[in-house]
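Me: I am new to this structure and would be grateful for a close look at a single part of it. Please begin with one residue and work outward from there.

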Amino acid sequence: MQIGKLKLENNLILAPLLNISTGPYRRFCRYFGAIGLVSVPMLYSKRLANKPESVEHELIKIKKEKPVSVQLIGPDTESAKMSVDFLNSYDFSVLDFNAGCPSRRAINSREGGYLLKNLDLL
């Protein structure tokens, strides 16, 4: 499978699940050959912009886990830009911006799936 210029070993992708797709779980999935692309848990752009050291434990081994995807979720452009600037210091393969999370929390926070009905904001 290929995503842009990125060639994957197979077509299986581990989603960026909060508190699930942690380092040990990603390595477990890779060890058994079940994953072509892994993702770190979804990252909140405001948290990343305000306190980047709080997520470094999720990003520290990115170079060893390639290919790896990073997903951001957030309601505002400024924190998203700051987050991307911070993330550029890591060697991730894919940057994904969440515009589809259907959770009530995401919709009420004007992020995720909320953006699909507000394309100007997206």
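In which strand does V68 lie? Please describe that strand and its surroundings in detail.

Reply: The model is a predicted one, and every statement below should be read in that light. V68 lies in strand 5, so numbered in order from the N terminus. This strand spans residues 68–73.

V68 itself is a suitable starting point. Its relative accessibility is 1%, and V68 therefore counts as buried, the limit being under 20%. Leaving out residues up to four places away in sequence, V68 touches L37, V38, V40, I62, F92, S93 and V94. One more distance helps to place V68: its C-alpha atom is separated by 14 Å from that of F97, a residue 29 positions away along the chain.

The rest of the strand is covered as well. Six of the six residues of strand 5 are buried. In a regular strand, side chains alternate between the two faces of the sheet. Here both faces are covered: V68, V70 and L72 are buried on one side, and S69, Q71 and I73 are buried on the other.

Strand 5 has several partners. Strand 3, residues 38–39, is joined to strand 5 by two bridges, and the two run parallel. Within this pairing, V38 has V68 as its bridge partner. Strand 4, residues 43–44, is likewise joined to strand 5 by two bridges in a parallel arrangement. There, the bridge partner of Y44 is I73. Strand 6 is connected to strand 5 by four bridges, again running parallel. In that pairing S69 stands opposite V94. Between these two strands the chain passes through helix 4, and the resulting β-α-β crossover from strand 5 to strand 6 is right-handed.

V94 deserves a word of its own. This residue belongs to strand 6, which covers residues 94–97. Apart from neighbours within four places in sequence, V94 is in contact with L6, L37, V68, S69 and V70. Three of the residues named there, V68, S69 and V70, were listed above among the buried residues of strand 5. V94 and I35 are 59 residues apart in sequence, with 15 Å between their C-alpha atoms.

Strand 5 also contributes to the interior. The largest nonpolar core has 16 residues, and those with the most contacts inside it are L43, L48, L59, V70 and L87. Strand 5 and helix 4, residues 77–87, each supply at least two residues of this core. The largest share, three residues, comes from strand 5. L43 shows how the strand is involved: not counting residues up to four places away in sequence, L43 touches V70, Q71, L72 and I73, together with L48, V55, L59 and L87.

Two further residues lie around strand 3, the partner described above. G36 is found in the loop between helix 1, residues 23–31, and strand 3. At 3% relative accessibility, G36 counts as buried. Beyond its neighbours up to four places away in sequence, G36 touches L8, E9, N10, L12, R30 and P67. The C-alpha atoms of G36 and T22 are 16 Å apart, although these residues are separated by 14 places along the chain.

The other residue is R26, located in helix 1. R26 has a relative accessible area of 2% and is therefore buried. The side chains of R26 and E65 are joined by a polar contact of 2.6 Å. Setting aside residues up to four places away in sequence, R26 touches V38 and S39, as well as L14, S21, V40, P41, E58 and E65. V38 is thus a point shared with strand 5, since V38 is also touched by V68.

A polar residue elsewhere in the chain offers a further example of burial. S54 is in the loop between helix 2, residues 45–50, and helix 3, residues 56–59. With a relative accessibility of 16%, S54 counts as buried. Its side chain makes a polar contact of 3.1 Å with the side chain of R47. The side chain of S54 also reaches the backbone oxygen of K51, at 2.7 Å.

Finally, a word on cysteines. A disulfide is a covalent bond between the sulfur atoms of two cysteines. A search of the whole structure finds zero disulfides. C29 is buried, with a relative accessible area of 10%, and C101 is buried at 18%.

Terms used:
Residues are numbered from 1 along each chain as its sequence is written. This is a predicted model: local features need pLDDT of at least 70, side-chain atom pairs count only at pLDDT 80 or more; totals for chains, interfaces and linings use all residues. Side-chain values use heavy atoms; hydrogens and water are left out. A nonpolar core is a set of buried Ala, Val, Leu, Ile, Met, Phe, Trp, Tyr and Cys residues joined through side-chain atoms within 4.5 Å. Buried means under 20% relative accessible area, exposed over 50%, partly exposed in between (1.4 Å probe, protein chains only). Contact means heavy atoms within 4.5 Å. A disulfide is a pair of cysteine sulfur atoms within 2.5 Å. A polar contact is a pair of N or O atoms within 3.5 Å; within protein, one must be able to donate a hydrogen and the other to accept it, and residues adjacent in sequence count only if both atoms are side-chain atoms. Two strands pair if DSSP finds at least two bridges between them. A crossover is right-handed if, with the strands pointing away from the viewer, the path from the first strand over the helix to the second runs clockwise.
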